[in-house]
Amino acid sequence: MSSSPVPLAGGEKATRREQILAAAAELFARHGFHGVGIDDIGAAVGISGPALYRHFRSKDAMLGEMLTSISEYLLDGGRRQAERTGDPDETLAALVAFHVEFALAQPALITVQERNLANLTDADRKQVRALQRRYVEVWVRTLRAAVPHLDEPRARSTAHAVFGLINSTPHNRHLPGDELAELLGHLALGALYAAK
């Protein structure tokens, strides 16, 4: 798996590559992919723009790794939640909590994903889309286990709608983090169970 711009576990120190991806995500979210130069990214991490080429072959490669790695992170984390043994309702709640935690911690990555998917190379876009489809299927299986008689198309549409709700976090900072996490979790579960 590629380096991840998502939070590192256990206070691990970010590698230079991860620092660059995190800085690029913030800049791309604020100014757009085409509004950020390689020198801007270098300055954000305290190195020259050309020095970035020791870590990434291009700005396009940086965006590709960024969006691929967050898709891998979500898929891996979603699978871990879905593989929990026990009650389907608890598993669905854990999946919602996992996605809410990611969305609140990474609003810049959500913004970059939302605005810049079209800027990926064809190969990277195909890979990201394939990973996203697999993540959606984790949600579909989990939702159908928790909500009897829900068919696949309705479960898939419901999952996408809930992603939109949770991924609104870059535009929704009216409450402190803990309160917003609780509200988003409550709303997401309400929407999921309303799909009967």
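In the predicted model, leucine 175 is located in the loop that connects α7 (152-166) with α8 (177-193). The relative accessible area of leucine 175 is 33%, a value that lies between the limits of 20% for buried and 50% for exposed residues; leucine 175 is therefore classed as partly exposed. Together with Leu183 and Leu187, Leu175 forms a nonpolar patch on the surface. The accessible area of these three leucines together amounts to about 220 Å².

The loop that holds leucine 175 belongs to a chain built from helices, with 8 helices and 0 strands. Read from the N terminus, the order of the elements is α-α-α-α-α-α-α-α. The radius of gyration of the chain is 18 Å, which is close to the 16 Å expected from the globule rule for 196 residues, so the chain is as compact as a globular protein of that length. Along the principal axes, the C-alpha atoms occupy a box of roughly 55 × 35 × 30 Å. Of the 196 residues in the chain, 46% are buried.

Contacts between aromatic rings were examined next. The count of aromatic pairs comes to 6. One of the pairs is formed by tryptophan 139 and phenylalanine 163, whose rings are 5.0 Å apart from centre to centre. An angle of 80° separates the two ring planes; because planes over 60 degrees apart count as edge-to-face, the pair is assigned to that class. Tryptophan 139 is part of helix α6 (residues 122-146), whereas phenylalanine 163 is part of helix α7, so the pair ties together parts of the chain that are 24 residues apart in sequence. Both partners fall under the 20% limit for buried residues: tryptophan 139 counts as buried because its relative accessibility is 1%, and phenylalanine 163 counts as buried at 10%.

A further group of rings consists of Tyr73, Phe98 and Phe102, which ring pairs link into a cluster.

Aromatic rings also lie beneath charged side chains. Arginine 17 is placed over the face of phenylalanine 56, at a distance of 4.2 Å from the ring centre. In a second arrangement of this kind, lysine 59 lies over the face of phenylalanine 33, and the distance to the ring centre is 4.3 Å.

Key
Residues are numbered from 1 along each chain as its sequence is written. This is a predicted model: local features need pLDDT of at least 70, side-chain atom pairs count only at pLDDT 80 or more; totals for chains, interfaces and linings use all residues. Side-chain values use heavy atoms; hydrogens and water are left out. Patches are made of residues with over 30% relative accessible area and no salt bridge: like charges are joined within 9 Å, nonpolar side chains (Val, Leu, Ile, Met, Phe, Trp, Tyr) within 5 Å. Accessible areas come from the Shrake-Rupley method with a 1.4 Å probe; for residues, only the protein chains shown count as cover. A salt bridge is a side-chain nitrogen of Lys or Arg within 4 Å of a carboxyl oxygen of Asp or Glu. Helices (H or I, at least four residues) and strands (E, at least two) are DSSP runs, numbered from the N terminus. Buried means under 20% relative accessible area, exposed over 50%, partly exposed in between (1.4 Å probe, protein chains only). Rings of Phe, Tyr and Trp (its six-membered ring) pair if their centres lie within 6.5 Å; planes under 30 degrees apart count as stacked, over 60 as edge-to-face and the rest as tilted. A charge sits over a ring if NZ of Lys or CZ of Arg is within 6 Å of the ring centre and within 35 degrees of the ring normal. The radius of gyration is taken over C-alpha atoms; the globule rule is 2.2 Å times the number of residues to the power 0.38.
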